[in-house]
Amino acid sequence: MVRFGRNWLNILFVLISVTDLVFCRTLSGDRDPCGSTNPRKFQKLRSDQITVLINGYSESRIPLLQSIVASYSASSIVSSILVLWGNPTTPGQVLDQLYHNLTQYSPGSASISLIQQSSSSLNSRFLPRPSIDTRAVLICDDDVEIDRKSLEFAFSVWKSNPDRLLGTFVRSHGFDLQGKEWIYTVHPHKYSIVLTKFMMMKQDYLFEYSCNGGVEMEEMRNIVDQMRNCEDILMNFVAADKLRAGPIMVGAERVRDWGDARNEEEEEVEERVRDVGLSSRRVEHRKRRGKCIREFHRVMGKMPLIYSYGKVVNSVGEQGLCRKAGKLVFCDQD
Ligand SMILES: *[C@@H]1O[C@H](CO)[C@@H](O)[C@H](O)[C@H]1NC(C)=O
């Protein structure tokens, strides 16, 4: 009898789990993102709208996630929002409720999906999911909220620079002459890395990152898994290597940044003298990120990251112009 009861419980449990999965996942056909239908023909993808991919992990940040999704869904340029939930320990009921809340309280016409990630790999945020039907994607974290006007401005900048990586939060690689090694840092006037707090790009790079590049890319994706970090840096390597151009920094009017533990680091725009003045945690973070840069460099056998200068801001006179070596030039000219 006892045995029978246990079996029933197991079956019930499986049934509940499956139901949860179906309820949360409004998407189907995402089985093989690298399959033969990919990469999709650029021309067939929508160019007037964008797909937003938000990583969610922390239950304590659900209210913020809710607010970000509501804000982005209110924009007519957003075709759909995919919330990629990466925390496997979050109870099914919480996700059900979250899904209900996200769809209930988001005003716009954008379709909203909540996808429980089957793997905790940070690489899965860049999977070229077949449901992404726009040329442009916005990758973001659940800790940063950027106002709708700035989102739309960034999209307009992307439209005239569709091959570039665009972002609002930037960092740099650098070469430490004393240690004779590549490092992760912040430079006052130049940058080569955009963070996934807000990263816009063509969806082809998702395919490049996840499916192309053979054993080399596989080894670098494995480094991301081992380090549990640096998927954003690797995406910058991929795009810069493909394009032979650095990213573009776009300004945002209003940014609410709650700070991810992972990103808890230098928010200062001005470089402090080396690591002096940084908390030990930030120093540790920088070191880990520096290690990633060195590892990617080792695997690729070269340094593809390229510096960009200046930032594109949404105001008359400065739009589309970047400051470089003290002169204003079109941002494309670098
Ligand atoms: C959903 O919304 C309700 C009502 O605002 C709130 O009490 C609850 O905490 C929310 N839950 C999730 C998981 O978003």
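Two rings of Phe, Tyr or Trp count as a pair here if their centres lie within 6.5 Å. With that in mind, welcome to the tour; the model on your screen is a predicted one.

**Stop 1: the aromatic pairs**

A search through the whole structure turns up four aromatic pairs. We will visit two of them.

Start by selecting Phe155 and Trp158. Their rings are stacked, with 6.0 Å from centre to centre and 5° between the planes. Colour helix 4, which runs over residues 148–160, and you will find both partners there. Because Phe155 and Trp158 sit three residues apart in that helix, about one helical turn separates them. Are these two residues buried or exposed? Phe155 is buried, with a relative accessible area of 2%, and Trp158 counts as buried too, at 3%.

Now select Phe237 and Phe296. This pair is edge-to-face: the ring centres are 5.4 Å apart and the planes make an angle of 70°. Where in the chain do the partners come from? Phe237 belongs to helix 7 and Phe296 to helix 8 (residues 280–300), so the pair links distant parts of the chain, 59 residues apart. If you show the surface, expect both to be hidden: Phe237 is buried at 0% relative accessible area, and Phe296 is buried at 0% as well.

**Stop 2: helix 6 against helix 7**

Next, show helix 6 (residues 214–227) together with helix 7 (residues 231–243). Their axes come within 9 Å and cross at roughly 155°. An angle over 145 degrees counts as roughly antiparallel, and helix 6 and helix 7 are therefore roughly antiparallel to each other. Turn the view until one helix lies in front of the other; the crossing is right-handed.

To see what touches what, display side chains. From helix 6, pick Met217, Met220, Arg221 and Val224; from helix 7, pick Glu231, Leu234 and Val238. What kinds of residue make up this contact? Five are nonpolar, none is polar and two are charged.

**Stop 3: the turn-off at Arg228**

Stay where you are and select Arg228, which lies in the loop between helix 6 and helix 7. Check its backbone: phi is near 50°, a positive value in a residue other than glycine. Arg228 is exposed, with a relative accessible area of 61%.

**Stop 4: helix 6 against helix 8**

Keep helix 6 on screen and bring in helix 8. These two helices pack at an angle of about 165°, with their axes 10 Å apart. That makes helix 6 roughly antiparallel to helix 8. Here, too, helix 6 passes its partner in a right-handed crossing.

Select the contact in two groups. On helix 6, it is made by Glu216, Glu219, Met220, Ile223, Val224 and Met227. On helix 8, the list is Arg288, Lys291, Cys292, Glu295, Phe296, Arg298, Val299 and Met300. Phe296 is a residue you have already met, as the partner of Phe237. The residues of this contact divide into eight nonpolar, no polar and six charged.

**Stop 5: a loop between strands**

For the last stop, go to the loop between strand 7 (170–176) and strand 8 (181–185) and select Lys180. Which sign does its phi angle have, positive or negative? Phi is positive, about 50°, although Lys180 is not a glycine. Lys180 is exposed, with a relative accessible area of 63%.

Terms used. Residues are numbered from 1 along each chain as its sequence is written. This is a predicted model: local features need pLDDT of at least 70, side-chain atom pairs count only at pLDDT 80 or more; totals for chains, interfaces and linings use all residues. Side-chain values use heavy atoms; hydrogens and water are left out. Axes are lines fitted to C-alpha atoms, for helices over the stretch in contact, and angles run from 0 to 180 degrees between N-to-C directions. Helices (H or I, at least four residues) and strands (E, at least two) are DSSP runs, numbered from the N terminus. Angles under 35 degrees count as roughly parallel, over 145 as roughly antiparallel, 65 to 115 as roughly perpendicular and the rest as oblique. A crossing is left-handed if the near helix is turned anticlockwise from the far one by less than a right angle, and right-handed if clockwise. Contact means heavy atoms within 4.5 Å. Ala, Val, Leu, Ile, Met, Phe, Trp, Tyr, Cys and Pro count as nonpolar, Asp, Glu, Lys and Arg as charged, and the others, Gly among them, as polar. Rings of Phe, Tyr and Trp (its six-membered ring) pair if their centres lie within 6.5 Å; planes under 30 degrees apart count as stacked, over 60 as edge-to-face and the rest as tilted. Buried means under 20% relative accessible area, exposed over 50%, partly exposed in between (1.4 Å probe, protein chains only).
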